[in-house]
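The following exercises are to be worked through with the sequence and the coordinates at hand. Each task is followed by a stepwise solution.

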Amino acid sequence: MKVIWIRALSFFVLALLLTFPMAATADTWTALSSGTSSDLNGVHFVDPDYGCVVGSNVILRTTNGGDTWTPESPESTGFLFRAVTGKSREDVWLAVGIGGVIARSLDGGIRWEVIRSGGPDLYDVQILPGSGYSYRNTHAIAVGARGTILLKREGGDDWTSVGD
């Protein structure tokens with residue numbers, strides 16, 4: 001009886017696979033124009049439509065899933081950003097890059113200011129779960145060259161080295 005049941009189940013699964021041939025593989029990538037010729041290194045979305053991209057001398061923001069990109073913050077000129085992360089459409093965003101640069105946006109990635117530079121290159125940054133929505137209440141971590149780990153704790157403005 002078990003053999004008949006297993007064969008029937010196998011037949012059913014095979015019939016499903018043949019009827020719906022790998023819908024997941026039908027997904028395709030579509031090339032979009034960023035509006036810049038700069039190298040782009042990092043991307044983060046907080047929902048399907050809203051995100052930022054960072055790269056060589058550039059921070060771009062989209063509000064429509066990447067169909068169009070708006071250059072943000074002329075203050076970012078001269079920095080090679082490697083990674084970006086954000087909390088929401090309205091709140092804290094952080095970007096890090098070469099030369100230990102850290103930039104922040106307090107308005108959802110619209111206006112940016114460099115708050116730290118100097119030190120080892122930074123390659124990634126994350127806002128930790130459970131962080132508050134203001135910069136002062138954001139708990140974040142950045143990592144980079146030569147084992148660098150920088151931590152920004154809730155309730156403070158400073159980034160401190162971990163493990164020295």
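A polar contact is a pair of N or O atoms within 3.5 Å; within protein, one atom must be able to donate a hydrogen and the other to accept it. The model under study is a predicted one.

**Exercise 1. State which secondary structure elements the chain contains and how they follow one another.**

Step 1. The secondary structure comprises one helix and twelve strands.

Step 2. Along the sequence the pattern reads α-β-β-β-β-β-β-β-β-β-β-β-β.

Step 3. The chain has 164 residues, of which 35% are buried. It exposes about 9,900 Å², and carbon and sulfur atoms supply 58% of that area.

**Exercise 2. Describe the surroundings of Ser34 and decide whether Ser34 is buried or exposed.**

Step 1. Ser34 belongs to the loop between helix 1 (2-19) and strand 1 (40-45).

Step 2. The relative accessibility of Ser34 is 18%. Buried means under 20%, and Ser34 therefore counts as buried.

Step 3. The side chain of Ser34 reaches the backbone oxygen of Thr36 at 3.2 Å.

Step 4. With neighbours within four places in sequence left aside, Ser34 is in contact with Leu40, Leu60 and Trp69.

**Exercise 3. Carry out the corresponding analysis for Thr68, beginning with where Thr68 is found.**

Step 1. Thr68 is found in the loop between strand 3 (58-62) and strand 4 (70-71).

Step 2. Thr68 has a relative accessibility of 47% and so counts as partly exposed.

Step 3. The side chains of Thr68 and Asn64 make a polar contact at 2.8 Å. Residues up to four places away in sequence not being counted, Thr68 touches Arg61 and Thr62.

Step 4. Gly35 lies 33 residues from Thr68 along the chain, yet their C-alpha atoms are separated by 8.1 Å.

**Exercise 4. Determine how strand 5 is paired and why strand 5 can be called largely enclosed.**

Step 1. Strand 5 (residues 81-86) and strand 6 (residues 93-97) run antiparallel and are joined by five bridges.

Step 2. Among the bridge partners, Val84 is matched with Ala95, and Phe81 with Gly97.

Step 3. The two strands, strand 5 and strand 6, form a hairpin with six residues between them.

Step 4. An open sheet of four strands follows the order 5-6-7-8, with antiparallel pairing. Its edge strands are strand 5 and strand 8 (113-116), each pairing on one side only. On average, neighbouring strands of this sheet are turned by 25° against each other, direction ignored.

Step 5. Five of the six residues of strand 5 are buried, so strand 5 is largely enclosed by the rest of the structure.

**Exercise 5. Report how many aromatic pairs the whole structure holds, and characterise two of them.**

Step 1. The search of the whole structure finds three aromatic pairs.

Step 2. In one of them, the ring centres of Phe45 and Trp69 are 6.3 Å apart and the planes stand at 80°, so this pair is edge-to-face. Because Phe45 lies in strand 1 and Trp69 in the loop between strand 3 and strand 4, the pair ties together parts that are 24 residues apart in sequence.

Step 3. Phe45 is partly exposed at 32% relative accessibility, whereas Trp69 is buried at 18%.

Step 4. Tyr50 and Trp93 form a tilted pair, 6.3 Å centre to centre with 55° between the planes. This pair links Tyr50, in the loop between strand 1 and strand 2 (51-55), with Trp93 in strand 6, 43 residues apart.

Step 5. Tyr50 is buried with a relative accessible area of 4%, and Trp93 is buried with 0%.

Note on methods: Residues are numbered from 1 along each chain as its sequence is written. This is a predicted model: local features need pLDDT of at least 70, side-chain atom pairs count only at pLDDT 80 or more; totals for chains, interfaces and linings use all residues. Side-chain values use heavy atoms; hydrogens and water are left out. Buried means under 20% relative accessible area, exposed over 50%, partly exposed in between (1.4 Å probe, protein chains only). Contact means heavy atoms within 4.5 Å. Two strands pair if DSSP finds at least two bridges between them. Axes are lines fitted to C-alpha atoms, for helices over the stretch in contact, and angles run from 0 to 180 degrees between N-to-C directions. Accessible areas come from the Shrake-Rupley method with a 1.4 Å probe; for residues, only the protein chains shown count as cover. Rings of Phe, Tyr and Trp (its six-membered ring) pair if their centres lie within 6.5 Å; planes under 30 degrees apart count as stacked, over 60 as edge-to-face and the rest as tilted.
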